[in-house]
Amino acid sequence: LARGAHGPALADANQALAFDPRNAVARARRGAAIRLRGGANANNDAVGEFNAALVLDPNCGEASWRRGDLLAAIGDLEGARADLETAKSRAADPEVRRQAESTLSRL
């Protein structure tokens with residue numbers, strides 16, 4: 001999800017969720033798009049989406065990574081470490097594991 005592409009990404013995630021409301025990865029990507037869109041409640045809304053994704057699938061590495069990255073950005077290093085370690089161990093996508101490791105190395 002590239003900076004500035006939050007509009008199309010949000011539309012894609014919404015479309016995927018309309019087709020399959022239990023799609024945890026789409027929910028996590030919706031949260032990422034909301035975070036990038038910004039605004040007064042963007043971080044809270046994004047965390048809500050990441051939390052919803054993890055309720056749908058507790059092993060969703062993408063949701064753990066994205067929530068961990070956001071928590072690190074707002075200074076919750078303990079929460080960030082826990083989420084990033086989870087993402088590193090559970091993510092099926094090697095790119096998500098790499099991103100989680102990269103963020104962990106900067107904490």
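Glu62 and Arg29 pair up in a salt bridge, with their closest N and O atoms 3.0 Å apart. Glu62 sits in helix α4 and Arg29 in helix α2, so this pair ties together parts that are 33 residues apart in sequence. Keep in mind that this is a predicted model. A search of the whole structure turns up eight salt bridges, and here is a look at some of them, along with the helix α2.

**The Glu62 and Arg29 pair**
- Glu62 has a relative accessible area of 7%, so Glu62 is buried.
- Arg29 has a relative accessible area of 42%, so Arg29 is partly exposed.
- Why can such side chains pair at all? Side chains of opposite charge can do so when their charged atoms come close.

**Arg27, Glu49 and Arg30**
- Arg27 and Glu49 also meet through their side chains in a salt bridge, at 3.0 Å from N to O.
- This one links distant parts of the chain too: Arg27 belongs to helix α2, Glu49 belongs to helix α3 (residues 42-56), and they are 22 residues apart.
- Are these two buried or exposed? Both Arg27 and Glu49 are buried.
- Arg30 joins in as well, as Arg27, Arg30 and Glu49 are linked in a network of salt bridges.

**A salt bridge inside one helix**
- Lys88 and Glu85 form a salt bridge through their side chains, at 3.7 Å from N to O.
- Both of them lie in helix α5 (residues 77-90), three residues apart, which is about one turn of the helix.
- An α-helix has 3.6 residues a turn, so residues three or four places apart point the same way.
- Lys88 is partly exposed, because its relative accessible area is 31%.
- Glu85 is partly exposed too, because its relative accessible area is 39%.

**Helix α2 from end to end**
- Helix α2 covers residues 24-37, which makes 14 residues, and reaches 20 Å from its first C-alpha to its last, close to the 20 Å expected.
- At the N-terminal end, Asn23 acts as a cap: one of its side-chain oxygens lies 3.2 Å from the backbone nitrogen of Val25.
- After α2 comes Gly38, with a positive phi near 80°.
- Several residues of α2 are buried, including Ala24, Ala28, Gly31 and Ile34.

**Arg66 in helix α4**
- Arg66 is part of helix α4 (residues 61-73).
- Arg66 counts as buried because its relative accessibility is 15%, and the cut-off is under 20%.
- Which residues does Arg66 touch, leaving aside its neighbours within four places in sequence? Arg66 is in contact with Ala28, Ala32, Arg35 and Phe50.

Notes
Residues are numbered from 1 along each chain as its sequence is written. This is a predicted model: local features need pLDDT of at least 70, side-chain atom pairs count only at pLDDT 80 or more; totals for chains, interfaces and linings use all residues. Side-chain values use heavy atoms; hydrogens and water are left out. Helices (H or I, at least four residues) and strands (E, at least two) are DSSP runs, numbered from the N terminus. The expected span of a helix is 1.5 Å times one less than its number of residues. Buried means under 20% relative accessible area, exposed over 50%, partly exposed in between (1.4 Å probe, protein chains only). A polar contact is a pair of N or O atoms within 3.5 Å; within protein, one must be able to donate a hydrogen and the other to accept it, and residues adjacent in sequence count only if both atoms are side-chain atoms. Contact means heavy atoms within 4.5 Å. A salt bridge is a side-chain nitrogen of Lys or Arg within 4 Å of a carboxyl oxygen of Asp or Glu.
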